[in-house]
Amino acid sequence: MDEINILNNQLSRIRAMNRYYHNQFLVDLRIFFITTCIFYYLGFTNSNVYAVIPIISLFGSVILSFHAHYLIFSRNYSQFIEEKINKISGSQILIAHKLENNYFFPINDRKIVVASIGKNFSWFGFVTLFITFFGLSSYFYSIFRLIIDGFNSNYILFILFITLITLITGIWWFLLGYGEKRLEKVFDEYR
């Protein structure tokens, strides 16, 4: 089997996984949205329900970021394979990575998870920030309601502690680009 066929098989596999994680992201997003709406509705008659919404928001943000983290991985790997096939073939026959970088977000830009800020901002980035804002506003509104209602302060501190750990880890992995730096080390070996 020649190198281009091997690379093409890997490209097909990673594109199929990308599709799977996109589909799972959308399913999970709908589940978290509907669940949050149900708990807000229940909160009209029982304010203790607001104790569950920060957990849903936090867990949802971690799960959705997991899907985004795989998207970043698959986009990087797809681009690497396409560039390698183009180099071997001596022509620019594969351009999906270029389209994705221009239309969705440039994979190598600094970004908030998958939302480029600045001149490369896109609808994809807007939707990402919109979903993030919805989760954050649900989280903070519920915490605010719990504080006003005099809910157990140990519970609130525990939720804030878990949030801090999650935030620090997310900044380390996404904003500081530690995960993508790991990929670059491997790609550099095989370029």
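Is Arg191 buried or exposed? In this predicted model, Arg191 has a relative accessible area of 51% and is therefore exposed, and its side chain takes part in two of the contacts described here, the first being a salt bridge with the side chain of Glu184 at 3.2 Å from N to O. Asp188 also forms a salt bridge with Arg191, with the closest N and O atoms 2.8 Å apart. Of these two partners, Asp188 is exposed, because its relative accessible area is 51%, whereas Glu184, with a relative accessible area of 27%, is partly exposed. Salt bridges that share partners also join Arg15, Arg75, Glu82 and Glu100 into one network.

Within that network, the side chains of Arg75 and Glu100 meet in a salt bridge of 3.4 Å, taken from N to O. This pair links distant parts of the chain, since Arg75 belongs to helix H2 (residues 53-89) and Glu100 to helix H3, with their positions 25 residues apart. Both Arg75 and Glu100 are buried. Arg75 also lies over the face of Phe105, at 4.5 Å from the ring centre. In total, the count of salt bridges comes to seven.

Helix H3, which spans residues 96-103, also holds Asn101. The relative accessibility of Asn101 is 18%, and this residue therefore counts as buried, the cut-off for that class being under 20%. The side chain of Asn101 makes a polar contact of 2.9 Å with the side chain of Gln79.

Aromatic side chains form a further set of contacts, with 23 aromatic pairs in the structure. Ring pairs link Tyr20, Tyr21, Phe66, Tyr70, Phe73, Tyr77, Phe80 and Phe187 into a cluster.

On the surface, a nonpolar patch of about 1,200 Å² is made by Ile112, Ile117, Phe121, Trp123, Phe126, Phe130, Leu167, Ile171, Trp172, Leu175, Leu176 and Tyr178. Helix H4 (123-148) and helix H5 (153-175) are the elements that give two or more residues to this patch, and the largest share, four residues, comes from H5. Ile171, one of the residues of the patch, is placed in helix H5 and counts as partly exposed because its relative accessibility is 35%.

A backbone feature is found at Val113, which lies in the loop between strand E1 (111-112) and strand E2 (115-116). The phi angle of Val113 is near 55 degrees, a positive value in a residue other than glycine. Most residues other than glycine have a negative phi.

Conventions
Residues numbered from 1 in each chain as written. Predicted model: local features only at pLDDT ≥ 70, side-chain atom pairs only at ≥ 80, totals over all residues. Heavy atoms only, no water. Patch = residues over 30% accessible without salt bridge, like charges linked within 9 Å, V, L, I, M, F, W, Y side chains within 5 Å. Areas by Shrake-Rupley, 256 points an atom, 1.4 Å probe, with all protein chains shown as cover. Salt bridge = Lys/Arg side-chain N within 4 Å of Asp/Glu carboxyl O. Buried < 20%, exposed > 50% of the residue type's maximum accessible area, 1.4 Å probe, protein only. Phe/Tyr/Trp six-rings, centres within 6.5 Å; stacked < 30°, edge-to-face > 60°. Lys NZ or Arg CZ within 6 Å of the ring centre and 35° of its normal. Polar contact = N/O pair within 3.5 Å; in protein donor to acceptor, adjacent residues only side chain to side chain.
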